[in-house]
Amino acid sequence: MTLKYDVLIIGGGVVGCAVARELSRRRLRIILLEKSSDICAGQSRANTAIVHGGYDAEPGTLKAKYNVAGNTMFGRVCSELEVPYRRNGSLVVSFSESDDPKLGGLLARGEKNGVSGLSIIGAEEIRRREPHLSKAASKALLVESGGIVCPYGLTIAYAENAARNGVTFIRNAAVTGIKKWRDGWHISATAGDFTADAVVNCAGVHSDEINNMVSEEKFYITPRRGEYYIVDKKYTGYFNSAIFQLPTKMGKGILVAPTVDGTLLIGPTAEDIDEREDTRTTRFGLDKVLAGASISWEDIPTRAFITSFAGVRAHCDRDDFIIGEAPDAELFFNAGGVESPGLTSAPAIGCYLAELIAERLSAADNPCFDPTRRAIPSFREMTNVERARAIAANPDYAKVVCRCENVTEAEIRQAIRRPVGARTTDGVKLRVRAGMGRCQAGFCTPRTIGILCEELGLDPLEAAKSSGASRLLSHYLFEKEAKPHA
Ligand SMILES: Cc1cc2nc3c(=O)[nH]c(=O)nc-3n(C[C@H](O)[C@H](O)[C@H](O)COP(=O)(O)OP(=O)(O)OC[C@H]3O[C@@H](n4cnc5c(N)ncnc54)[C@H](O)[C@@H]3O)c2cc1C
């Protein structure tokens, strides 16, 4: 059976979920297909989490336009969706007087892009703001509009809000073919066949493959990997702003940045690779991270690293985002090649594409649209009085499952029960941070598996870390029904 929709979105990263949420303001039948076992499986899951000011993008590009527009939307969007976001500013630091003039070039470029709150500060002011930064810092570009956000928090919040407003999400649904069908499109996916009047390509590192199935205006993605270390919360507050070095043609360079959760991120590298989803970390890459970050932070406490990870950027051969209707494929829309600053740009890209599609389909407003979404109340962030109240209302708040991050059974159950809820231990981790702390899920995994099995009716052997192939348990030590100690 072929299911019919008005709009079909391919890809559940931050851009696809933002488009879904903004489109749900209209009276349309909308479906989002995601090839992985959960949304937020690509770039949106593993990045630097910076809300960029917009000084870096080449003036006149779509990167510049959507970065600046997106940045101004973060306050409103994150308050409507209850997503952690902080406007802590960024510093682009020069570590030698011969590099100082380059900061003036960045400032001029930023002003051309329409970024406000840019200024150059000297060594004394740098030290006042960032006492732990290398003493070699001579000058810096201060970007007051720079911020930090929880990237998976934002993606999941967009998805939950879109689902509450009527969007259907199907996971484990890889799009394998798209053909013209009557006035619209026929889409084949691993989860079945669909037709839709309009298709939106938000497939990240695979966005070229999707576009090139239907359009002669082809583009090509080079996967560009970035590796990181995460520094323990022991160093919360060690740096106040995101500390950038001068950008290069491969990207914004290696930085040291606080996260909204209190850890510090150092990285990323920028290495072109062959395999689009190769998120392995390497000795070579991590050594580069350490060497690069040591310029900003001279005595990095390597013993405080709690883990490493990598993300893969969708670097496009046109060196810009590709946003809008394909010129030779009516009602086929691209959000292609959305690499950095794509997280910052997502709110603006979402609004732009949704408006365009709604206008092309003459869609009426959705009178039931609700722009708000409530976050799962976090035990970690509650006062003792709030904790007592939460436990009285739901005794599962008294059962701490993840000791490092203080995550309770109540939060994990809500993460699973919500629209587009968690289906794997990684899904739980992204939604409530169980397993993200110092022990990296060493203690909480067995109980998280137990809760997933209870909530979803799974056999423990079916429980997975992320996709179906990443099963966490291989076999029973005893016959399933046997009572070994009876
Ligand atoms: C290392 C790194 C650092 C970054 N740092 C920043 C930063 O600090 N600030 C910033 O603004 N931006 C940053 N970015 C960029 C930002 O993360 C991305 O631009 C943004 O997340 C792109 O979102 P997306 O939805 O387009 O793509 P993705 O998040 O990659 O989502 C695409 C989705 O499509 C799915 N998909 C693919 N093919 C198919 C198919 N055939 N069928 C169905 N589904 C499919 C994928 O599984 C995936 O879930 C960084 C990126 C990386 C990798």
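In this predicted model, the second largest pocket holds about 470 Å³ of space, and of the 23 residues that line this pocket, P84, A375, I376, R380 and R431 are the closest to its centre. Two helices, α5 (151-164) and α11 (425-432), each contribute at least two residues to the lining of the second largest pocket, with α5 giving the most, namely five residues. By class, the lining of the second largest pocket comprises eleven nonpolar, two polar and ten charged residues.

A separate set of results concerns the ligand, which is surrounded by 40 residues, the closest being E34, S44, I50, V338 and T344. The shell around the ligand consists of 19 nonpolar, 17 polar and four charged residues, and at least three of its residues come from each of domain 1 (2-44 + 152-220 + 318-360) and domain 2 (86-147 + 222-314).

Several side chains place polar atoms opposite those of the ligand. An N or O atom in the side chain of H52 is 3.3 Å from a nitrogen atom of the ligand, while a polar side-chain atom of N47 lies 3.3 Å from a ligand oxygen atom. For T344, which is among the residues closest to the ligand, the distance from a polar side-chain atom to an oxygen atom of the ligand is 2.7 Å. On its own the ligand has 1000 Å² of accessible area, of which the protein covers 97%. The elements that provide two or more residues to the shell around the ligand are α1 (14-23), β18 (305-316) and α8 (342-360).

Definitions and conventions. Residues are numbered from 1 along each chain as its sequence is written. This is a predicted model: local features need pLDDT of at least 70, side-chain atom pairs count only at pLDDT 80 or more; totals for chains, interfaces and linings use all residues. Side-chain values use heavy atoms; hydrogens and water are left out. A residue is near a molecule or strand if one of its heavy atoms lies within 4 Å of it. A polar contact is a pair of N or O atoms within 3.5 Å; within protein, one must be able to donate a hydrogen and the other to accept it, and residues adjacent in sequence count only if both atoms are side-chain atoms. Accessible areas come from the Shrake-Rupley method with a 1.4 Å probe; for residues, only the protein chains shown count as cover. Helices (H or I, at least four residues) and strands (E, at least two) are DSSP runs, numbered from the N terminus. Ala, Val, Leu, Ile, Met, Phe, Trp, Tyr, Cys and Pro count as nonpolar, Asp, Glu, Lys and Arg as charged, and the others, Gly among them, as polar. Domain bounds come from an automatic or database domain assignment. On a 1 Å grid over the protein atoms alone, a cavity is a set of points where a 1.4 Å probe fits but cannot get out, and a pocket is an open set with protein on both sides within 12 Å along at least five of seven lines; lining residues have an atom within 4 Å of a point. Grid points are joined across faces, edges and corners, and a volume is the space filled by probe spheres set on the points.
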